[in-house]
Amino acid sequence: MDDLVAHLKALAEPTRLRIASLLARGELTVSELVQVLGQSQPRVSRHLKLLTDAGLVERQPEGAFVFYRLVSSGPGHRLANVIGEMSPPDDPVLKRDLDRLESVKSARAAAAEAYFQRAAEDWDKIRALHLSEHEVEAAMQDAAGSGPFDLMIDVGVGTGRILEVFADRVGEGVGVDVNHAMLNVARLNLERAGLSGASVRKADVSALPFDDGVADLVTVHQVLHYLDDPAVAIAECARVLKPGGVLLIADFAPHQLEFLKTDHAHRRLGFSDEEITDWVESAGLELRRRAALHPEEPENRLTVKIWAARRVPVRTEPGRARSREKSA
Ligand SMILES: C[S@@+](CC[C@H](N)C(=O)[O-])C[C@H]1O[C@@H](n2cnc3c(N)ncnc32)[C@H](O)[C@@H]1O
């Protein structure tokens, strides 16, 4: 009851209602809110602080930026969303806000698309060397199982594609990436796909911003070969998995394409089954499935591998020390 009163008090102010209505349409930075609301940054920050303190809004630092969004669950989430939806669409102030929001989002989309164009040229060259992505995605879905997965974490989210691929079997999907420009591409794509249960945040795979044992599914698609220490990344992914949760890795089998190192920043020329098995087992997971997707054309020389591992459930039996449950 106290929380509800605090929520209602925080929202009972015109600018804060406008902010709730805007954030119900997606996350925004302070400077984007300043542009839309036409108020000074200190005033907007003060309103945001009140909404954050009341548990209606959360802040997500991302390098030099801080993104604000409605909290993703609980009564504050429901209330702020309802308020956002109830805002009268013909109110002249709200109408102007929404028009300005469109311009802010178009500018963000243009910057994201320009960045992606540059990155995509690189990726297209690599994509041409292996089996179609749709086939890889279908094999990943098959290896993960049908779920449903309450929480999925996609590591190295890139364009957000893997969150889209799994959206129909996932409650909440969170993508992380080290690259701010890439995160804006993912934001744009997820919004365009209407995936309200998916969000992204800035983080390095070596320090994921999640508690232990929260995720049902962690995906790492074409990321491991960029890393200095893939074993550390796998251990960190295992840490955030629930017992019984699934880690899905898609990457290349060992290959000889040195130019991927020299021209495309790959650190590793693929991975053998033995090293992946070793790393997942050291992280407390058991390898459950693996698949090799060979290129169709002989001149294409990259085999994509998929490894699915499960975090071993721990069962405590009366009078016994904790033991590892035998896998089904
Ligand atoms: C080739 S893209 C793959 C993107 C996505 N997984 C997909 O398949 O569509 C690799 C992504 O990994 C991200 N990345 C690289 N190193 C990372 C790290 N240490 N932590 C998190 N993300 C990382 C890059 O910024 C890039 O977006």
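A polar contact is a pair of N or O atoms within 3.5 Å. Keep that cut-off in mind as you look through these views of a predicted model.

**View 1. Val205 and Asp204 meet nitrogen atoms of the ligand.** A polar backbone atom of Val205 lies 3.0 Å from a nitrogen atom of the ligand, so the pair is within the 3.5 Å cut-off for a polar contact. In Asp204 the side chain takes part: one of its N or O atoms is 3.3 Å from a nitrogen atom of the ligand.

**View 2. Asp177 meets an oxygen atom of the ligand.** Here the distance to look for is 2.5 Å, between that oxygen and a polar atom in the side chain of Asp177. How much of the ligand does the protein bury? Taken alone, the ligand exposes 600 Å², and the protein buries 87% of that.

**View 3. The ligand sits in the largest pocket.** Around the ligand you can find 16 residues, and the closest are Gly156, Asp177, Asp204, Val205 and His221. This shell is made up of nine nonpolar, five polar and two charged residues.

**View 4. Phe271 and Trp279 form an aromatic pair.** The structure holds one such pair. Why is it called edge-to-face? The ring centres of Phe271 and Trp279 are 5.9 Å apart and the planes meet at 70°, so the pair is edge-to-face; planes over 60 degrees apart count that way. Are these two residues buried or exposed? Both Phe271 and Trp279 are buried.

Technical notes. Residues numbered from 1 in each chain as written. Predicted model: local features only at pLDDT ≥ 70, side-chain atom pairs only at ≥ 80, totals over all residues. Heavy atoms only, no water. Near = heavy atom within 4 Å. Polar contact = N/O pair within 3.5 Å; in protein donor to acceptor, adjacent residues only side chain to side chain. Areas by Shrake-Rupley, 256 points an atom, 1.4 Å probe, with all protein chains shown as cover. 1 Å grid on protein atoms, 1.4 Å probe; cavity = no way out; pocket = protein on both sides within 12 Å on 5 of 7 lines; lining within 4 Å. Sits in = over half its atoms within 2 Å of the grid points. Nonpolar A, V, L, I, M, F, W, Y, C, P; charged D, E, K, R; others polar. Phe/Tyr/Trp six-rings, centres within 6.5 Å; stacked < 30°, edge-to-face > 60°. Buried < 20%, exposed > 50% of the residue type's maximum accessible area, 1.4 Å probe, protein only.
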